[in-house]
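Student: I am new to this structure and would like a close look at a single part of it, taken slowly. Could you walk me through one helix and then through the parts that help me place it?

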Amino acid sequence: MLIARDTMSSIGQSSCRNTPSILLLGRATGSLVSILLLALTACALPPPDETREVQRLPTDAEVEQYNAQVAPEDRIVCRAETPVGSNIPVRRCYRAREIEEISRFHREQLRNVLR
Amino acid sequence: MHRLFMIKVRDWARTSFLSVIFFTQWGVAQPVGPLWADNFQPEQAEILSAQARLAIEESRYSDAEDWINQALQINRALNGFYDSSQLVLLDQLLEALLLQEKWEQFDQRLEYIGWLNRRVHAAEPEKLAMELLRQSKWHLAAAGVIQRSQSAWYLIQGKYLNWQAVSILENSYGRQDPRLAPILYQITLEHYYQSLLSERRGTTSYEFKTDGKAIANGWMSSRNESVERSYRIGKDNLQRIHSLYTEESGTANPTAALLQIYQADWEFLHGNSSVALELYRDAFYRLLDAGIAESEVERFFNQLVKIPAQTLQTDWVAPQSGDRLSAVEFSAWSTIYPGAETPETLLNSPFRLLPDGTQSIQVELKLEVSANESPGRFDYGVTGLDILSVPVKDDILTARIHAEVPLVKFRPRLVAGELASHEPFLLDYKFAGE
């Protein structure tokens, strides 16, 4: 129950109004831990604010419009990548310059290993 | 006194000598043609430009090039180096250079036009944008002429110029102005051409890594990835065009339905037949909701329409009634873009390249709907092809007809909102120049 205890201590310092009820859950069984975590997540969410802009990655059309205005090294390349240990592809965007730097770094690493 | 007299005699002799030389030279040079003195006569530039136009029509491209260059010199002498009146002459020069396939000079002039345009129209964003669109058309014209991977370079550079024009006009008109729609549609068409590219070397490199013509190794993405990106950008653009016209008017109107048909065409062209059918059907009923007579809507979906449509139609125009009597015409653009029709832009002067003796044939086609193995999908394409007229009968030409003609895409026919096959029809097919 290490996780639950740690969580409880942090919750004790939080401003969440459900704290007393959550404290009682600290001695509950393992299945309740997940409920606790859900409650914790609910507390951690910021209050809904309609004026706040939702952050999103640019669409391919927006990226292309941007790319048309800038020098090649500043262009953005977006593609779907499947991270190691997962089957779910993730959309990632890089600047052309960053891709060059990453490629150079990997080439150097490979050269060092092969030496 | 004596000394002064001697100087006067010497001056007189020198002046006389120079005068004699001058008049002799003038007399010798006179019959050859226009001289430097003519450079300050504006009519001379117009005469040279007209001569060049005639020379282009008579396929004397080199003469045309020389005359336009002279006209440009006169124009600069009269109007200075930074005058927009040069742009008309430069257009003519580009035409002459393109017809001769002088790529190096063509590129230099294109670059010069780009520089001049930004300098001349720096304070006039709308003119700057219009000129960028014109430069883009030159790139498109070049993309259809030049062979192999360089075509991708012209296509992508032209597309980027269109995007630059969009950005400039967004600043002037705002992001939600319908005047942006034709340019966004042109970019969508360019993505369609890009997805048809038979020679894809350098495509990704030109899009991201370099503005130069040298392909950067290590910057290749797969054909699927590149085509998928083009599909998504086209879809985003069509969605945006739709929102430009429909954002404010909440009521049903034919424009929204017409624009939805373009979205359906895009899905159909990319193999998403079930999505396309839903959009076509929805547009069918939206047109009825917008108050269009059912008979007109039926006739609209009964037409033979080549897709992608070359222009964006936003107003409802009642389709003509009656059976189709004349053949559908299709002029293939380039062997680099199999299945693409010659862009409408390139049918007008100065972008129109003169007839090059390409072959024309006539076929009778049958388009039919058939079920696809995947649930909800359908196939719609050529199931019958009869060759009616060919210039010469040979196996190579027959094989070429059977390979190329089925690539022409038509909008599916709807009857009462349901898919239907077309009656056999005639197609006049003009091959692309080699």
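Student: Which residues are buried in helix 12 of chain B?

Tutor: Please keep in mind throughout that this is a predicted model. In helix 12 of chain B, the buried residues are B:Ser273, B:Ala276, B:Leu277, B:Leu279, B:Tyr280, B:Ala283, B:Phe284 and B:Leu287. They cover an arc of only 165 degrees around the axis, and therefore they lie on the same side of helix 12 of chain B. A general point helps in reading such a list: an α-helix has 3.6 residues a turn, so residues three or four places apart point the same way.

The helix itself runs over residues 273–289 of chain B, and its 17 residues reach 24 Å from the first C-alpha to the last, close to the 24 Å expected at 1.5 Å a residue. What covers the buried residues of helix 12 of chain B includes two helices, helix 11 (254–269) and helix 13 (294–302), together with strand 4 (378–389), strand 6 (413–415) and strand 7 (418–420) of chain B. Just after helix 12 of chain B comes B:Gly291, which takes a positive phi of about 95 degrees.

Helix 5 of chain B can be read in the same manner, and here the face turned away from the buried side can be described as well. Helix 5 of chain B has 18 residues and reaches 25 Å from its first C-alpha to its last, close to the 26 Å expected at 1.5 Å a residue. Its buried residues are B:Phe106, B:Arg109, B:Leu110, B:Ile113 and B:Asn117, and they cover an arc of only 105 degrees around the axis, which puts them on the same side of helix 5 of chain B. On the face turned away from that buried side, helix 5 of chain B carries the exposed residues B:Glu104, B:Gln108, B:Glu111, B:Trp115, B:Arg118 and B:Arg119.

The partners of that buried side are helix 4 (86–100) and helix 6 of chain B, against which the buried residues of helix 5 of chain B pack. For the second of these partners the geometry can be given: helix 5 (residues 103–120) and helix 6 (residues 125–145) of chain B pack at an angle of about 170 degrees, with their axes 10 Å apart. That angle makes helix 5 of chain B roughly antiparallel to helix 6 of chain B. Where they meet, helix 5 of chain B brings B:Phe106, B:Leu110, B:Ile113, B:Gly114, B:Asn117 and B:Arg118, while helix 6 of chain B brings B:Leu128, B:Glu131, B:Leu132, B:Gln135, B:Trp138 and B:Ala142. Sorted by class, this contact of helix 5 with helix 6 of chain B has 7 nonpolar, 3 polar and 2 charged residues.

The other partner, helix 4 of chain B, has 15 residues that should span 21 Å at 1.5 Å a residue, and its end C-alpha atoms are 21 Å apart, which agrees. The buried residues of helix 4 of chain B are B:Gln86, B:Leu89, B:Gln92, B:Leu93, B:Leu94, B:Glu95, B:Ala96, B:Leu97 and B:Leu98, and what covers them includes helix 2, helix 3, helix 5 and helix 6 of chain B.

Between helix 4 and helix 5 of chain B there is a loop, and B:Glu101 is found in it. Phi of B:Glu101 is near 55 degrees, a positive value in a residue other than glycine, and B:Glu101 counts as exposed because it has 12 C-beta neighbours inside 10 Å. A further residue of this kind is B:Ser59, whose phi is near 65 degrees, again positive in a residue other than glycine. B:Ser59 has its place in the loop between helix 2 (42–57) and helix 3 (61–79) of chain B, and it is exposed, with 11 other C-beta atoms within 10 Å.

One more backbone feature of chain B is the peptide bond from B:Ile307 to B:Pro308, which is cis, with omega near 0 degrees. B:Pro308 lies in the loop between strand 1 (306–307) and strand 2 (328–331) of chain B.

Finally, chain B has a neighbour in chain A, a chain with 5 helices and 2 strands. In all, 13 residues of chain A are in contact with 16 residues of chain B. On the side of chain A that touches chain B, the largest share, 4 residues, comes from helix 4 of chain A.

Key. Residues are numbered from 1 along each chain as its sequence is written. Chains are lettered from A and ligands numbered from 1 in the order in which they are written. This is a predicted model: local features need pLDDT of at least 70, side-chain atom pairs count only at pLDDT 80 or more; totals for chains, interfaces and linings use all residues. Two residues are in contact if their C-beta atoms, placed from the backbone, lie within 7 Å. Axes are lines fitted to C-alpha atoms, for helices over the stretch in contact, and angles run from 0 to 180 degrees between N-to-C directions. Angles under 35 degrees count as roughly parallel, over 145 as roughly antiparallel, 65 to 115 as roughly perpendicular and the rest as oblique. Ala, Val, Leu, Ile, Met, Phe, Trp, Tyr, Cys and Pro count as nonpolar, Asp, Glu, Lys and Arg as charged, and the others, Gly among them, as polar. The expected span of a helix is 1.5 Å times one less than its number of residues. A residue is buried if 20 or more other C-beta atoms lie within 10 Å of its own, exposed if 12 or fewer, and partly exposed in between; C-beta atoms are placed from the backbone. The arc is that of the directions from the helix axis to the C-beta atoms.
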